[in-house]
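Please open the model in your viewer and keep the sequence panel beside it, so that each stop of this tour can be selected as you read. The stops follow one another along a short path.

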Amino acid sequence: MKTFSPSGKDITRDWVVVDASDKVLGRLASMIADRLRGKHKPEFAPHMDMGDFVVVVNVDKVKITGRKLDQKMYYRHSGYIGGLKETVMKDMMASKPGDVLVKAVKGMLPKNRLGRQLIKKLKVYAGEAHPHTAQQPKPLA
């Protein structure tokens, strides 16, 4: 018996909408990463983009456990000497709550071309409304 290896014509991509209100950030991020990667499908192949498009709404109402709001830091560097910038999670949630979820999901994806391709299929919105109603996304429990 030969091993099945999927090709481009075998891929079916669905659109899924996830309501992030009152869900724990890390558990939500791991579920989204699995969905983006396609690990929920029986024809999963680790070298291919098999996943679905994921639309996340109400990301500003996601639950943060522990003392992460005060202690977790996000770092970025400008490229210049002494250009390290740091932001506390509380400030990040106040200004850009979608970036917190995107960074959490991105850390769970492969660190290569495939991971950069997969993260483009994640659409994050702070409120209830999203512009993807034409794709008829199915709600995910």
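What follows is a tour of the sheet, the helices packed on it, its salt bridges, an aromatic pair and two loop residues.

**Before you select anything**

This is a predicted model, in which local features need pLDDT of at least 70 and side-chain atom pairs count only at pLDDT 80 or more, while totals for chains, interfaces and linings use all residues. Residues are numbered from 1 along each chain as its sequence is written, and side-chain values use heavy atoms, with hydrogens and water left out.

**Stop 1: the sheet**

Begin with the strands, which, like the helices, are DSSP runs numbered from the N terminus (strands are E runs of at least two residues, helices H or I runs of at least four). In what order do the strands of the open sheet lie? The order of the four strands is β5-β2-β1-β6, with parallel pairing, where two strands pair if DSSP finds at least two bridges between them. At the edges you will find β5 and β6 (138-139), each of which pairs on one side only.

Now select residues 53-57, which form strand β2; four of its five residues are buried, and buried means under 20% relative accessible area, exposed over 50% and partly exposed in between (1.4 Å probe, protein chains only). Add residues 15-19, strand β1, and you can follow the five bridges that join β1 to β2 in a parallel run. Two places to look along this pairing are Val 18, which stands opposite Val 56, and Asp 19, which stands opposite Val 57. Then add residues 122-124, strand β5, which runs parallel to β2 and is joined to β2 by three bridges; here Val 54 stands opposite Leu 122.

**Stop 2: the helices on the sheet**

Select residues 25-37, helix α1, and trace the chain from β1 through α1 to β2, a β-α-β crossover that is right-handed. The term means that, with the strands pointing away from the viewer, the path from the first strand over the helix to the second runs clockwise. Helix α1 lies across β1, β2 and β5 and runs at about 155 degrees to β2; axes are lines fitted to C-alpha atoms, for helices over the stretch in contact, and angles run from 0 to 180 degrees between N-to-C directions. Next select residues 97-106, helix α4, which packs on the sheet and touches β2 and β5, its direction making about 155 degrees with that of β5; contact means heavy atoms within 4.5 Å.

**Stop 3: the salt bridges**

Side chains of opposite charge can pair when their charged atoms come close. A salt bridge is a side-chain nitrogen of Lys or Arg within 4 Å of a carboxyl oxygen of Asp or Glu, and by this rule the count comes to six.

Select Asp 49 and Arg 13, whose closest N and O atoms are 3.4 Å apart in a salt bridge. Asp 49 lies in the loop between α1 and β2 and Arg 13 in the segment before β1, so the pair ties together parts that are 36 residues apart in sequence. Asp 49 counts as buried, at 9% relative accessibility, whereas Arg 13 is partly exposed at 36%. Include Lys 121 in your selection as well, since Arg 13, Asp 49 and Lys 121 are linked in a network of salt bridges.

Then move to Asp 52 and Arg 35, which meet in a salt bridge of 3.2 Å, N to O. Is Asp 52 buried or exposed? Asp 52 is buried, with a relative accessible area of 0%.

**Stop 4: the aromatic pair**

The structure holds one aromatic pair, formed by Trp 15 and Phe 53, which are stacked at 4.4 Å centre to centre with 5 degrees between the planes. Rings of Phe, Tyr and Trp (its six-membered ring) pair if their centres lie within 6.5 Å, and planes under 30 degrees apart count as stacked, over 60 as edge-to-face and the rest as tilted. Trp 15 is in strand β1 and Phe 53 in strand β2, 38 residues apart. Trp 15 counts as buried at 16% relative accessibility, and Phe 53 is partly exposed at 21%.

**Stop 5: two loop residues**

Finish with Asp 22, in the loop between β1 and α1, where phi is near 60 degrees, a positive value in a residue other than glycine. Gln 136, in the loop between β5 and β6, likewise has a positive phi, near 50 degrees. Asp 22 is exposed at 63% relative accessibility, and Gln 136 is exposed at 62%.
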